[in-house]
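These are my notebook entries on a single protein chain. I set down what I looked up, entry by entry.

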Amino acid sequence: HDVKATITRALVKNFNIGLYPRNGNRLFVEDSVVRENDVGVRVDGANASTSCYNPPPVVIWRDPVIRHSDIVENRQQGIYVFGSDVLLQVEKSNILKNGSTGIYIAGRSLHPDSYVRENNIHDNNGRQVQAYHSGNNNGGVLDISKNYWVHISDPQLSQSWRFPCNGQYTFTGFSPVPIDDAGPRKDDLIDDVKTACWSD
């Protein structure tokens with residue numbers, strides 16, 4: 001417990017769960033590729049008694065920060081949050097071509113500082129974002145802003161993506177074009193990772 005894990009310039013591939021920091025309280029991922037796992041990143045939340053699911057998950061605090069990374073081509077969820085009060089911050093990343101859902105949030109409330117912004121989120125086989133998220137502690141606000149969704153506008157998101165806990169979402173704009181600096185900065189990756197991920 002109370003361990004901080006930092007992963008940079010890495011490739012995480014062909015696991016049941018790519019990243020699952022079960023004994024740490026912070027996972028920081030930057031300039032990395034998480035692909036072709038069953039689940040890309042799994043996070044178990046705190047305050048499980050407030051979760052929408054029964055039985056609730058194990059009570060553990062998690063707070064992943066994901067920047068400039070690829071969470072792509074995982075067979076189930078790209079990012080799977082199970083529980084409540086997680087501080088989830090995802091930016092400048094690609095959440096693409098995951099088999100079930102790009103980002104799946106199963107918990108009553110995220111930490112109020114959570115956001116998912118300035119990412120490319122599209123072509124996930126199920127839903128791009130699925131949330132069971134009411135947020136009695138912070139008003140249910142989930143900041144999903146300035147992401148590129150290909151063809152989905154803010155009104156369509158706010159109408160279509162409210163699920164069982166009566167969650168409220170804040171969409172403060174979407175990008176009309178792909179985020180061209182999202183994903184790993186290839187020059188910062190080690191050669192083995194570049195070779196395994198890109199043919200160029």
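The entries below go from the whole chain to a sheet, then to single residues and the nonpolar cores.

**Entry 1. Whole chain.** I record at the outset that the model is predicted. I counted the secondary structure and found 2 helices and 16 strands in the chain. I then looked up burial: 56% of the 200 residues count as buried. For the surface, I noted that the chain exposes about 9,200 Å², and that carbon and sulfur atoms supply 45% of this area. I also looked up how far apart in sequence the contacting residues are. Among contacts between residues at least 6 apart in sequence, 71% join residues at least 24 apart.

**Entry 2. An open sheet.** I traced an open sheet of 5 strands in the order E2-E5-E8-E11-E14, with parallel pairing. Its edge strands are E2 (11–13) and E14 (120–122), each of which pairs on one side only. I noted the angle as well: neighbouring strands of this sheet are turned by 5 degrees against each other on average, direction ignored. At the E14 edge, I found that strand E11 (residues 94–96) pairs with E14 in the parallel sense over 3 bridges.

**Entry 3. Ile95.** I selected Ile95, which is found in strand E11. Which residue is its bridge partner in E14? The partner is Ile121. I then asked whether Ile95 is buried or exposed. Its relative accessibility is 0%, so Ile95 counts as buried. I looked up its distance to Val72: the two C-alpha atoms are 5.7 Å apart, although the residues are 23 apart in sequence. Leaving aside neighbours within four places in sequence, I listed the contacts of Ile95 as Ile71, Ile79, Val90, Gly102, Ile103, Asn120, Ile121, His122 and Asn124.

**Entry 4. Lys13.** I moved to the other edge of the sheet, where Lys13 lies in strand E2. Its relative accessibility is 27%; Lys13 therefore counts as partly exposed, given that buried means under 20% and exposed over 50%. I noted that Lys13 and Asn37 are 24 residues apart in sequence and 5.7 Å apart in space, C-alpha to C-alpha. Not counting residues up to four places away in sequence, Lys13 touches Arg35, Glu36, Asn37 and Ala196.

**Entry 5. Arg35.** I followed the contact from Lys13 to Arg35, which has its place in strand E5 (residues 33–35). Arg35 has a relative accessibility of 12% and for that reason counts as buried. Which side chain does the side chain of Arg35 join in a polar contact of 2.5 Å? I found that it is the side chain of Glu73. With neighbours within four places in sequence left aside, the contacts of Arg35 include Leu11, Val12, Lys13 and Asn14. Further contacts of Arg35 are Val72, Glu73, Asn74 and Cys197.

**Entry 6. Strands E6, E9 and E12.** I next looked at strand E9 (residues 77–82). 6 of the 6 residues of E9 are buried, so this strand is largely enclosed by the rest of the structure. I found that strand E6 (residues 39–44) and E9 pair in the parallel sense over 4 bridges, and that Val41 stands opposite Ile79 in E9. E9 also pairs with strand E12 (residues 101–106), in the parallel sense over 5 bridges. In this pairing, Gln77 stands opposite Thr101 in E12. I checked the burial of E12 too: 6 of its 6 residues are buried, so E12 is largely enclosed by the rest of the structure.

**Entry 7. Nonpolar cores.** I looked up the largest nonpolar core, which has 27 residues. The members that touch the most other members are Leu19, Val41, Ile79, Val81, Leu88, Ile103 and Ile105. At least two residues of this core are supplied by each of E4 (24–30), E6, E9, E12 and E15 (127–132). I also noted a second, separate core of 5 residues, which includes Tyr80, Phe82, Tyr104 and Ala106. For Val41, I listed contacts with Leu19, Leu27, Ile66, Ile71, Gly78, Ile79 and Tyr80, leaving aside neighbours within four places in sequence.

Methods:
Residues numbered from 1 in each chain as written. Predicted model: local features only at pLDDT ≥ 70, side-chain atom pairs only at ≥ 80, totals over all residues. Heavy atoms only, no water. Buried < 20%, exposed > 50% of the residue type's maximum accessible area, 1.4 Å probe, protein only. Polar contact = N/O pair within 3.5 Å; in protein donor to acceptor, adjacent residues only side chain to side chain. Contact = heavy atoms within 4.5 Å. Pairing = 2+ DSSP bridges. Axes fitted to C-alpha atoms, helices over the stretch in contact; angles between N-to-C directions. Areas by Shrake-Rupley, 256 points an atom, 1.4 Å probe, with all protein chains shown as cover. Core = buried A, V, L, I, M, F, W, Y, C linked by side-chain atoms within 4.5 Å.
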